[in-house]
Amino acid sequence: MTFLDQLREAETLNQSMLCVGLDPEPSRFPTGITRDAEGIHDFCLKIVEATADLAIAFKPQIAYFAAHRAEPQLERLIARMREIAPKVPVILDAKRGDIGSTAEQYAKEAFERFGADAVTLSPFMGFDSVEPYLKYQGKGAFLLCRTSNPGGDDLQNQRLASVEGQPLLYEHVARLAQGPWNLNGQLGLVVGATYPQEIERVRALAPTLPLLIPGVGAQGGDAAATVQAGWRPDGPIVVNSSRAILYAGKGSDFADAARAAALATRDALNAARPA
Ligand SMILES: O=c1ccn([C@@H]2O[C@H](COP(=O)(O)O)[C@@H](O)[C@H]2O)c(=O)[nH]1
């Protein structure tokens, strides 16, 4: 089964385009959850249990685990996610990018150590930095294209005078990912919900790629505009929200509050999808 098949299956099963982001920040944990690596595991597990039937994917951001020496807990968490939500793919948000020999190790980390179904990558170092991930059949890789942060403009919106038609850098990334880099249909693109016009442009250049779209919720991206710009019947979207779900509640009912926030976001996304 390909990563794209997995996404489609989860989309249908949970009637969802919502990706639940796992960015555990111990200082924001409710009382009763310890502010250490084990607490990170327990907090995320509760969120996964509360949202497993609402998500097209889960996206743990590795920095939130590594910063607290919680990589073993992330391994255990992903293994438990396989039991709780076997049909919901896991996208490891690692934003890796390095020369081929090092990329091989990062790919091993993502797919063998953590058992992720897909990973996020920076395409900045070129195709040989992406290729090692594509050797893992059935796994996916999302290339950063037009990111959700304001500083994304600094490079991604620069025009490439050396390329025919003088595209912007993010447009060039979209073309490469839809075309010559996508050897086995494993690639997708990261595009921020904060820039719906650019989502539309990326969708025009990459009509069938899955788009991972962070930026609704805490970053203020508009759910309806995101769906209208990015969703296509043969081009799925995976719309991530992390903090707005994780910290929807502050008390012992935090998992219920997270579920309510996830449900509302999932339904808002679905309501914007053309029939
Ligand atoms: O362009 C990008 C790429 C990745 N991210 C990541 O997504 C989540 C967003 O979290 P929120 O709390 O929903 O804002 C986070 O893990 C980022 O590292 C992104 O925001 N933008």
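**From the annotated lysine to the nonpolar core**

Lysine 95 is found in strand β3, which spans residues 91–96. In this predicted model, the protein averages a pLDDT of 97, and 100% of the residues score at least 70. For the complex, the predictor gives an ipTM of 0.99 and a pTM of 0.98.

UniProt, in an unreviewed entry, lists Lys95 under "active site". Is lysine 95 buried or partly exposed? Lysine 95 counts as partly exposed because it has 17 C-beta neighbours inside 10 Å, whereas a buried residue needs 20 or more. Residues up to four places away in sequence aside, lysine 95 touches Thr120, Leu121, Ser122 and Leu144.

The unreviewed UniProt entry also carries the domain annotation "Orotidine 5'-phosphate decarboxylase", covering residues 17–258. This span is 40% helix and 17% strand, and its end C-alpha atoms lie 16 Å apart.

The ligand is surrounded by 17 residues, of which the closest are Thr147, Ser148, Pro214, Ser242 and Arg243. By residue class, the shell around the ligand divides into 11 polar, 3 charged and 3 nonpolar residues.

The interior of the protein presents another picture. In soluble globular proteins, nonpolar side chains tend to be buried together. Here the largest nonpolar core has 86 residues, and Leu143, Leu189 and Val238 have the most contacts inside it. Helix α2, residues 37–51, gives the most to this core, with 6 residues. Around valine 238, the contacts beyond four places in sequence are Leu7, Met17, Cys19, Ile56, Ala57, Pro210, Leu211, Leu212 and Ile213.

The next residue to consider is valine 239, placed in strand β8. Why does valine 239 count as buried? The reason is its 28 C-beta neighbours inside 10 Å, set against the threshold of 20 or more. With sequence neighbours within four places left aside, valine 239 is in contact with Met17, Leu18, Cys19, Ala193, Ile213, Val216, Thr226 and Leu269. Alanine 63 lies 176 residues from valine 239 along the chain, and their C-alpha atoms are separated by 20 Å.

Thr226, one of the contacts of valine 239, leads to helix α10, residues 223–230. In this helix Ala223, Thr226, Val227, Ala229 and Gly230 are buried. The elements covering these buried residues include strands β7 (211–214) and β8 (237–241), together with helices α9 (196–205) and α12 (254–271).

Notes
Residues numbered from 1 in each chain as written. Predicted model: local features only at pLDDT ≥ 70, side-chain atom pairs only at ≥ 80, totals over all residues. UniProt positions renumbered as here; feature names shortened; annotations may be inferred. Helix = DSSP H or I, 4+ residues; strand = E, 2+ residues; numbered from the N terminus. Near = placed C-beta within 6 Å. Nonpolar A, V, L, I, M, F, W, Y, C, P; charged D, E, K, R; others polar. pLDDT = per-residue confidence, 0-100. Buried ≥ 20, exposed ≤ 12 C-beta atoms within 10 Å, placed from the backbone. Contact = placed C-beta atoms within 7 Å. Core = buried A, V, L, I, M, F, W, Y, C linked by C-beta atoms within 7 Å.
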